[in-house]
Amino acid sequence: MLLELLLLASAASMRTQCSMHTQPEWSQRSTKSTYSTPRRAMLRAAAAAASCGASGASAVAYRTEVYSAPNTPGRTKASCKNIESCQAEGERRAAEADLRAGPLRNVGPIGASGLGRVRYRAMKETSDGPALRQGDAAEIRFDVLSTSGNLLYGVPSREPGQAAARVLDTYRIVLGERDVPLGVELALEGAHKGDFRRIEVPPDLGFETSGWKPQPSGFSGRQRLENYKMRLTGTGLQPGYAASILFQVEIMKVRPQ
């Protein structure tokens, strides 16, 4: 009896050490609960200890593997060594991204910063044909977005059904006629066919200056535009605030007057 107890204690100790590497916690609990007699526990523990010698080494080796090793798939080694070098690397990449995105310009009324209050980024610039001037007509495609990047509507429309029917493939404007908000007109002056500009329009130079033109053609677009109006005016429960809007405009054609 004493020999059986000693054997049971030794085997149980080996089984416990092995199970820490090879069995999850829930498996350990369920295994313990199935032992009904000490002799059965001894036999099960001995079997687990026997399998431990074959599998324990590989389990430990896997668990201690360095996750950030260079050869680990999907991971890249950082090129910077400390906070200062990482900050410099981030600034360098941001400058490169700005350069690829195109120059940032300010036009319109001068603001507190001493620059024009309408900002636009020239994503693409050409010299194809005449420049757009006051009184000229132009065919444009555009998207209207919130400053967080959420699409409100655009031409051509992306709404189901309208997009398939190619409703309003382009939108015609006459510069100076307020077919688009004043801030957009200020940013488009001097553009050529093929130019693409992303324009940030402050609310006092936005839709109210054009009588809320251009109007969306689809239901979803109209609903989103109404939501933007409520942001400006408030809902009764919350006050309004000066929410800017983004226009992304591509010049498709310029017709001088």
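**A walk through the predicted model**

Let me begin at one small spot, G102, which follows just after helix α4 and takes a positive phi of about 110°. I should say at once that what we are looking at is a predicted model, and that every value I mention is computed from it.

Staying with α4 for a moment, this helix covers residues 83-101, which makes 19 residues, and from its first C-alpha to its last it reaches 27 Å, close to the 27 Å expected at 1.5 Å a residue. At its N-terminal end the helix is capped by N82, where a side-chain oxygen lies 3.3 Å from the backbone nitrogen of E84.

Stepping back to the whole chain, there are seven helices and seven strands, and, read along the sequence, they follow the pattern α-α-α-α-β-β-β-β-α-β-α-β-α-β. Of the 257 residues, 33% count as buried, and the accessible surface comes to about 16000 Å², with 56% of it belonging to carbon and sulfur atoms. If we take the contacts with a separation of 6 or more, residues 24 or more positions apart account for 65% of them.

Now to the interior. The largest nonpolar core has 32 residues, and those with the most contacts inside it are I140, F142, I199, F207, F247 and V249. At least two residues of this core come from each of β2, β3, β4, β5, α6, β6, α7 and β7, and β7 gives the most, with five residues. As general background, nonpolar side chains in soluble globular proteins tend to be buried together.

To make the core more concrete, take I140, which, leaving aside its neighbours within four places in sequence, is in contact with T170, Y171, I173, V180, V249, E250, I251 and M252.

My last stop is H192, which lies in the loop between α6 (182-188) and β6 (196-201). Is H192 buried or exposed? Its relative accessible area is 18%, and, because the cut-off for buried is under 20%, H192 counts as buried. The side chain of H192 reaches two backbone oxygens, that of T126 at 3.5 Å and that of G190 at 3.5 Å. Not counting residues up to four places away in sequence, H192 touches T126, S127, D128, G129, P130 and A131, together with I251 and V254. I251 therefore appears twice in this talk, since it is listed among the contacts of I140 as well as those of H192, by the contact criterion of heavy atoms within 4.5 Å.

Key
Residues numbered from 1 in each chain as written. Predicted model: local features only at pLDDT ≥ 70, side-chain atom pairs only at ≥ 80, totals over all residues. Heavy atoms only, no water. Helix = DSSP H or I, 4+ residues; strand = E, 2+ residues; numbered from the N terminus. Expected span 1.5 Å × (residues − 1). Polar contact = N/O pair within 3.5 Å; in protein donor to acceptor, adjacent residues only side chain to side chain. Buried < 20%, exposed > 50% of the residue type's maximum accessible area, 1.4 Å probe, protein only. Core = buried A, V, L, I, M, F, W, Y, C linked by side-chain atoms within 4.5 Å. Areas by Shrake-Rupley, 256 points an atom, 1.4 Å probe, with all protein chains shown as cover.
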